[in-house]
Amino acid sequence: MASATQLPPLVEPAAELTKEEVARYSRHLIIPDVGMDGQKRLKNAKVLCIGAGGLGSPALLYLAAAGVGTLGIVDFDVVDESNLQRQVIHGQSDLDKPKAVSAKESIEEINPLVNVVLHQVRLEADNVLDIFRDYDLILDGTDNFATRYLVNDAAVLLGKPYVWGSIYRFEGQASVFWEDAPNGKGLNYRDLYPEAPPPGMVPSCSEGGVLGILCASIGSIMGTEAIKLIMGIGEPLLGRLMVYDALDMTYRTIKLRKDPEATKVTELIDYEAFCGVVSDSAREAATGSTITAPELKDMMDAGKDFELIDVREPVEWDIVRIPGARLIPKDRILSGEALSELPHDKPIVLHCKSGVRSAEALAAIKKAGFSDATHLQGGVLAWAKQVDTSLPTY
């Protein structure tokens, strides 16, 4: 008997399964809730995955194995060595290869019956609707708020459901958003997050890290939700936020409700501006107060007297550091606790991993009266790339 929250199948069944397909999907076919009808719906389904990274990797691999007929992949990035700790759709031989191409090759090895469509572009407001239009369902495994709001708003405008997942360190989250859900209980990402958090408040995976195997847990949940929606079985995560803590090994679900105050989506907007990737104060502080890695090296070689402050976290300091730097994590500067440790009698140069956190710290110390301060464009990554290539990057 269907539950009260069960949705009708998203996709009509294909006309038939071939002898080869029956053999391949036999373990599905003997599940009463799936059967021939469910497998034919998978065969007819068109699913778009945003990102072939940590979450996209397991989701794409298992959706391909499950027999989803068409898989679209949006990704303009290339495979980097730091990806291989969690992005299992790529391998050592794929380094520097476009992620979309690498993912397609892995999918074809798992299931040559799947039609893989590549969209090797950055998802933008001017292309998202055209890309989404041909798909039944979207999977969003992106790691930045600007793209998440873009995906949500495009899905709302087109009336399409999408499965969302998020990971950070040891915790993952997943949900299903569908404004036009037929049960009248539709909601979208803006009901969960009406506004993006302030810049720097939520570190990305590249800044805060992620346990690689966590991607398998959340990515497989996303894939499972996609299959349930396509077939119209079980209770989807629509109206529920699933939170997974790998350290405690706990799953909990939080009920979500329509936010009457949430902004109604009527058009696409400037999502970089909406999310304020860097705060206005940081942007203003960095204007005219930014130096490059070679310029910092020249200051050192000239014996200039200045204080180099590293605003990263201690675990990052343990990986790699710029010679002569002193560690004062950003949060201690922003709280005001570390201001007394900064010199007033010499110039200050701040740096972080890539330049975002040091710009925020720069705004804080300028506001506190340290006018002779700059920050390093590109952070320690720029130093390792442009000055000392023997240093590791992360």
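**Entry 1: a salt bridge in α3**

I started with Asp-37, which counts as partly exposed at 40% relative accessibility. I am working from a predicted model, so I keep that in mind throughout. The side chain of Asp-37 meets that of Arg-41 in a salt bridge, with 3.0 Å from N to O. Arg-41 counts as buried, at 12% relative accessibility. Why can these two reach each other? They sit four residues apart in helix α3, so about one helical turn separates Asp-37 from Arg-41. My reminder to self: an α-helix has 3.6 residues a turn, so residues three or four places apart point the same way.

Next I looked at the rest of α3, which covers residues 35-44. Which of its residues are buried? I noted Gly-35, Gly-38, Gln-39, Lys-40, Arg-41 and Leu-42. The buried residues of α3 pack against α2 (26-29), α4 (56-66) and α10 (214-231).

**Entry 2: the sheet**

I then traced the sheet. It is open and has eight strands, in the order β3-β2-β1-β4-β5-β6-β7-β8, with mixed pairing. Which strands stand at the edges? They are β3 (115-119) and β8 (250-255); each has a single partner strand, so one side of each is left without a neighbour in the sheet. From one strand to the next, the twist averages 15°.

I zoomed in on one pair. Strands β4 (residues 137-140) and β5 (residues 162-168) run parallel and are joined by three bridges. Leu-139 has Val-163 in β5 as its bridge partner.

I also checked what covers this part of the sheet. Helix α4 lies across β1 (46-50), β2 and β4, and runs at about 165° to β2.

**Entry 3: the cores**

How many residues does the largest nonpolar core have? I found 78, and those with the most contacts inside this core are Leu-71, Ile-107, Leu-123, Phe-132, Leu-139 and Ile-218. Helix α10 gives the largest share of this core, 10 residues. A second, separate core has 16 residues, including Ala-285, Ile-309, Ile-328 and Ile-365. As a general point, nonpolar side chains tend to be buried together in soluble globular proteins.

Leu-139 turned up again, so I listed its contacts beyond the neighbours within four places in sequence. They are Val-47, Leu-48, Cys-49, Ile-50, Ala-59, Leu-63, Val-163, Met-222 and Ala-226. Val-163 is thus on this list and is also the bridge partner of Leu-139.

**Entry 4: cysteines**

Cys-49 was among those contacts of Leu-139, and I wondered about disulfides. How many does the structure hold? Zero. Why is Cys-49 not in one? The closest cysteine sulfur, in Cys-215, is 12 Å from the sulfur of Cys-49, too far for a bond; the cut-off is 2.5 Å between the two sulfur atoms. Cys-49 is buried, with a relative accessible area of 4%. I looked up Cys-352 as well, and found it buried with a relative accessible area of 0%.

**Entry 5: a loop residue**

For contrast I picked a loop. Gln-92 lies in the loop between β2 (70-74) and α5 (99-110). Is Gln-92 buried or exposed? It is exposed, with a relative accessible area of 52%, and the threshold for that label is over 50%. Apart from neighbours within four places in sequence, Gln-92 is in contact with Glu-81 and Leu-84. I also took the C-alpha separation of Gln-92 and Asp-80: it comes to 9.3 Å, for residues 12 apart along the chain.

**Entry 6: more salt bridges**

I searched the whole structure and got 20 salt bridges. One of my picks joins Glu-124 and Arg-122, whose closest N and O atoms are 3.9 Å apart. Both count as partly exposed: Glu-124 at 36% relative accessibility, Arg-122 at 48%.

Another pick is Asp-305 with Lys-346, whose side chains meet at 3.4 Å, N to O. Where do these two sit along the chain? Asp-305 is in the loop between α13 (293-301) and β10 (307-310), and Lys-346 is in the loop between α15 (330-334) and β12 (348-351). The pair links distant parts of the chain, 41 residues apart. Lys-346 counts as partly exposed, at 22% relative accessibility. Following shared partners, I arrived at one network of salt bridges that joins Asp-305, Glu-307, Arg-326 and Lys-346.

Technical notes: Residues are numbered from 1 along each chain as its sequence is written. This is a predicted model: local features need pLDDT of at least 70, side-chain atom pairs count only at pLDDT 80 or more; totals for chains, interfaces and linings use all residues. Side-chain values use heavy atoms; hydrogens and water are left out. Buried means under 20% relative accessible area, exposed over 50%, partly exposed in between (1.4 Å probe, protein chains only). Contact means heavy atoms within 4.5 Å. Two strands pair if DSSP finds at least two bridges between them. Axes are lines fitted to C-alpha atoms, for helices over the stretch in contact, and angles run from 0 to 180 degrees between N-to-C directions. A nonpolar core is a set of buried Ala, Val, Leu, Ile, Met, Phe, Trp, Tyr and Cys residues joined through side-chain atoms within 4.5 Å. A salt bridge is a side-chain nitrogen of Lys or Arg within 4 Å of a carboxyl oxygen of Asp or Glu.
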